[in-house]
Amino acid sequence: MTASPRRTFGTRLAATLLGLCALLAQPLAARAATVAEEARAALPEATRAAGVLKVATSLQWPPFAYQAEGGGADGIDIRLVKLLAEKLGLRAEFEDIKFPAIIPGVVNGRYDIGVNQIGRTAERLKVVNLLPYFNSGYGLLTRQGVTGVDIDNLCGRTLVLTQGSAQVGLAEKLSADCVQAGQPKIAFLFFPDSAATYLALSNGRGDGFLTARAVGIYIAKGNPKLQMTGGTLPDMVTTSGIVVAKNNAALETALRLALESAVADGSYAALLAGFGVPDGALTVEQIRNPAPL
């Protein structure tokens, strides 16, 4: 007896649905085409079994970690961790906490890793490991349309600064170098917070504002009165790292292998290029053997 078209269609539909159910029932590692098997195999057994990568961050630092307009976390660090988690066959689970609590939270085991453009410093490396993933140089933010302000020659210029920021010490050193070279010192205008500093610069106060290049590019995109100039300060590059507990070497190895896989397939470079900072990318050699501090 010949099967009716309706019965044939129903049979095919049922088979398709059964196949879909079987696919969804598979673990994430079996479904994700981008899983880096060597990296996944290096994971601690407990993390691999849990299927979750618990991440501490502070969503107050665009473009690295911030609250997206539509809700949820976004930024360079957020997308990178999601990419690495996918390569490990895990699901990244982010918790928004205060910045000072990130490293202690990883040390005490509440979180697997921490990210927030956290610089690799000798002091921090005494407490945790920091897997390098991004190089950040200082650039100069100026008022839109301003020309002739050169980050390599700020002597005699006026910089706007946020009180208590890391840029204050940097600007003071640059000014001292100017004086030592027989050039005019750099003048400073101080403001209580970042918003006030950007507003002052937008209104023509000062010649520029020193900031991490990635941050400056992000700010300029959202403020038509500002622009990020070319170039960065020489010998002022800082490397950011993913925070991993010192007693979790297996997880650090797995993350490193996942990051190397992202370098190899171009997804790492594409991510950084999407934020306008392709120059912040590290090579595999820099990831494996970061410069001594």
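Modeller: A helix here is a DSSP run of H or I with at least four residues, and helices are numbered from the N terminus. The model is predicted. Helix H11, residues 249-265, is followed by Gly-266, whose phi is positive, near 85°.

Biologist: What does the secondary structure of the whole protein come to?

Modeller: The protein has 13 helices and 13 strands. Of its 293 residues, 44% are buried. Among contacts between residues at least 6 apart in sequence, 73% join residues at least 24 apart.

Biologist: What makes H5 and H11 roughly perpendicular?

Modeller: H5, residues 76-87, packs against H11 at an angle of about 100°, with the two axes 9 Å apart. Angles of 65 to 115 degrees count as roughly perpendicular, and therefore H5 is roughly perpendicular to H11.

Biologist: Which residues of H5 and H11 meet?

Modeller: From H5 come Leu-80, Leu-83, Leu-84 and Lys-87; from H11 come Leu-255, Ala-258, Leu-259, Ser-261, Ala-262 and Asp-265. The residues of this contact divide into seven nonpolar, one polar and two charged.

Biologist: How do you know that the length of H5 is close to what is expected?

Modeller: H5 has 12 residues, and its first and last C-alpha atoms are 17 Å apart, against an expected 16 Å at 1.5 Å a residue. For H11, with 17 residues, the reach is 24 Å and the expected value is 24 Å.

Biologist: Why is H5 called mostly covered?

Modeller: Nine of the 12 residues of H5 are buried, and buried means under 20% relative accessible area. Among them are Leu-80, Leu-83, Leu-84 and Lys-87, which also belong to the contact with H11. The buried residues of H11 include Leu-255, Ala-258, Leu-259 and Ala-262, which H5 meets. Glu-252 and Glu-260 of H11 are buried too. After H5 comes Gly-89, with a positive phi near 70°.

Biologist: How do you know that Cys-155 and Cys-178 form a disulfide?

Modeller: Their sulfur atoms are 2.1 Å apart, and the cut-off for a disulfide is a sulfur pair within 2.5 Å. Therefore the pair qualifies as a disulfide. A search of the whole structure finds one disulfide. The pair links distant parts of the chain, 23 residues apart: Cys-155 lies in the loop between strand E8 (138-143) and strand E9 (158-162), and Cys-178 lies in helix H8 (residues 166-180).

Biologist: Why is this disulfide called left-handed?

Modeller: The torsion about the S-S bond of Cys-155 and Cys-178 is about -90°, so the disulfide is left-handed.

Biologist: Which class of exposure does Cys-155 fall in, and which does Cys-178?

Modeller: Cys-155 has a relative accessible area of 22% and is partly exposed. Cys-178, at 6%, is buried. The cut-off for buried is under 20%.

Biologist: Why is Gln-163 called partly exposed?

Modeller: The relative accessible area of Gln-163 is 49%, and exposed needs over 50% while buried needs under 20%, so Gln-163 is partly exposed. Gln-163 is found in the loop between E9 and H8. Leaving out residues up to four places away in sequence, Gln-163 touches Phe-190, Phe-191 and Pro-192. The C-alpha atoms of Gln-163 and Asp-193 are separated by 6.8 Å, with their positions 30 residues apart along the chain.

Biologist: What makes Ile-103 count as buried?

Modeller: Ile-103, in helix H6 (residues 102-107), has 18% relative accessibility; the cut-off is under 20%, so Ile-103 counts as buried. Beyond its neighbours within four places in sequence, Ile-103 is in contact with Arg-124, Val-127, Val-128 and Val-243. Ala-245 is 142 residues away along the chain from Ile-103, and their C-alpha atoms are separated by 8.6 Å.

Biologist: What is notable in the backbone at Gln-117, and what at the peptide bond from Pro-62 to Pro-63?

Modeller: Most residues other than glycine have a negative phi, and most peptide bonds are trans. Phi of Gln-117 is positive, near 45°. Gln-117 sits in the loop between strand E6 (113-114) and helix H7 (122-125), and at 14% relative accessibility Gln-117 counts as buried. The bond from Pro-62 to Pro-63 is cis, with omega near 5°. Pro-63 is in the loop between strand E2 (60-61) and strand E3 (65-67).

Notes
Residues are numbered from 1 along each chain as its sequence is written. This is a predicted model: local features need pLDDT of at least 70, side-chain atom pairs count only at pLDDT 80 or more; totals for chains, interfaces and linings use all residues. Side-chain values use heavy atoms; hydrogens and water are left out. Axes are lines fitted to C-alpha atoms, for helices over the stretch in contact, and angles run from 0 to 180 degrees between N-to-C directions. Helices (H or I, at least four residues) and strands (E, at least two) are DSSP runs, numbered from the N terminus. Angles under 35 degrees count as roughly parallel, over 145 as roughly antiparallel, 65 to 115 as roughly perpendicular and the rest as oblique. Contact means heavy atoms within 4.5 Å. Ala, Val, Leu, Ile, Met, Phe, Trp, Tyr, Cys and Pro count as nonpolar, Asp, Glu, Lys and Arg as charged, and the others, Gly among them, as polar. Buried means under 20% relative accessible area, exposed over 50%, partly exposed in between (1.4 Å probe, protein chains only). The expected span of a helix is 1.5 Å times one less than its number of residues.
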